[in-house]
2 protein chains.
Amino acid sequence: MREDAETPAVARGAVVVDHDGRVAGLDGPQVYVDDLGLVHGDGLFETLLVRGGRACNLDRHLDRLARGSAAMDLPAPDRRRWTAMIDAGLRAWRETGAAGDREGMARLVRTRGREADPGAGPTEYLTIAPVPDRVAAARRDGVRVVSLPTAVDPDLARRSPWLLAGVKSLSYAVNTAALRHARSFGADDALLLSSTGAVLEGPRGSVVAVVDGRLVTPRRDGGVLPGTTQDALFAAADAAGVPTAECDLDVADLMAADGVWLVSSVTLAARVTHIDGIGVAQGDLPQGDLTGGAVIGVAALVDEAAG
Amino acid sequence: MREDAETPAVARGAVVVDHDGRVAGLDGPQVYVDDLGLVHGDGLFETLLVRGGRACNLDRHLDRLARGSAAMDLPAPDRRRWTAMIDAGLRAWRETGAAGDREGMARLVRTRGREADPGAGPTEYLTIAPVPDRVAAARRDGVRVVSLPTAVDPDLARRSPWLLAGVKSLSYAVNTAALRHARSFGADDALLLSSTGAVLEGPRGSVVAVVDGRLVTPRRDGGVLPGTTQDALFAAADAAGVPTAECDLDVADLMAADGVWLVSSVTLAARVTHIDGIGVAQGDLPQGDLTGGAVIGVAALVDEAAG
């Protein structure tokens, strides 16, 4: 994907739902200038795929929102309220002309609330908009990635949860910087490495590889964001009798693998075609009871997991 | 300071100035739900002290905003526009009943703009509000800090500026998490350490120590945010004939120092009284031509530097 191939994810026809389930569009401002989610990136978000009028893999996203809230010392999210907000959003989304059969991207946002009004509690809202154009290209063509060393230390991430390594916080600037940096090398995406050279994740997806007939992913407690899509995929693989494992992986392991994917909620699966300019094997996911190519397989699995 | 001693920094009487210099208050929302500063922490901020109706150390803050914008591939800020916005804010601030002789905290915010409207360019605004109550306490009583290891690697920060280690980005959640974590130990503030045990900075201030009659601070290129107040202090010290140095410092160096401060734009200087529960020497800043205690000294210097 190229920079100019990006389309704004929130565009005409977008739906906005506030904390009280009120539905609006993007015609006016709805957040205060002193929101701590804005001035300190102090909050959380989730992005979900909307297909066939349903929010895919919703339970895992709401679970992660709850875990992240606890890690940030935010009050627990009200699951019933969020479910009602999402239902209101999906109803409105189906009614927009933009929706049709088109896939949507739902974004759930939860911040520490306003600095001027600390008693008011978290700011909460969700948006639903057409998926970005890059998604179709990544599913179809796969992605070329460059490996980027970061300072993330897996052992420290385990010992010091306050560093928020496993939290999908609004403080996402380094993730977007990694994508810009990767594009400056002509790549589509990045493969983030730990300080010890371990493969961590993509800036917006989990790494899954096929090694010796197993589905493997980096250890979820080692400084990565535990992926909802990776989790759904592994649960379905387990059920289908396909062996799975979390393990330490380095770039050489991926180069020797039979296939490598970045899996994520909205893109589902983007096959990694090249790492640092070198071609990666293009094997399929292990079959077991799973059929079809990576995207179809993961889509089916995620739908099933969300059922 | 205790959690309950915090007063919202943006309170009644606050002034908000938008990109076009229009002045408003906090009565309504002014930011869109798809602002990339909010959903991705993708932007920058600066906080400045407003004293005697003036914004202290303004040039250094505008310089840092420009450097950070370049580091994040944002268009360069329009200095004339920012100066006009700040002038409008200061005029309005002087007219509020809240202002009087009370100090204010100005916050400049600059984001990548709206996802739905990428051509519109950055979102820019500033707020001015009374300084938080914690400021007076920190100036008067100093702060007890706990040292917290982080994964920041000074060498990697030098080699990989895309990691944004030296940028005051809106992705500030780990800084606020460090403060919460420090308070869970009964401390007032944190002293962040690198992966190699080097002293980096506080979550919202630079470390300055007196060692052998010199003012020393951690190397500014080693994963810390270059401090505007530290820079003003060192410039004034240089002019006054007080020797200064950037160097590698560890906790033992601070324990052996004649005095340690966290210096920052709004608090100016908070003397560090304890590190990890152990008392720190309470010497003054080297005299040279500088007189008075740390707070008075830095305040005078910052005023002078802003002149």
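This dialogue goes through the symmetry of a predicted model and then one strand of its chain A.

Me: What should I know about the conventions before reading the model?

Reply: Residues are numbered from 1 along each chain as its sequence is written, and chains are lettered from A in the order in which they are written. In this predicted model local features need pLDDT of at least 70, side-chain atom pairs count only at pLDDT 80 or more, totals for chains, interfaces and linings use all residues, and side-chain values use heavy atoms, with hydrogens and water left out.

Me: By what turn can chain B be laid on chain A?

Reply: Copies are superposed by least squares on the C-alpha atoms of residues with pLDDT of at least 70 in both. Here a turn of 180 degrees, with a shift of 0.0 Å along the axis, lays chain B on chain A with an RMSD of 0.0 Å. The two copies are thus related as by a two-fold rotation axis.

Me: Is strand β10 of chain A enclosed or open to the surroundings?

Reply: A residue is buried under 20% relative accessible area, exposed over 50% and partly exposed in between (1.4 Å probe, protein chains only), while strands are DSSP runs of E with at least two residues, numbered from the N terminus. In β10(A), residues 206-211, 5 of the 6 residues are buried, so the strand is largely enclosed by the rest of the structure.

Me: Which residues are the bridge partners of A:V210?

Reply: Two strands pair if DSSP finds at least two bridges between them. β10(A) runs antiparallel to β13(A), residues 259-264, with 5 bridges, and there A:V210 has A:G259 as its partner; in β11(A), the partner of A:V210 is A:L215.

Methods
Helix = DSSP H or I, 4+ residues; strand = E, 2+ residues; numbered from the N terminus.
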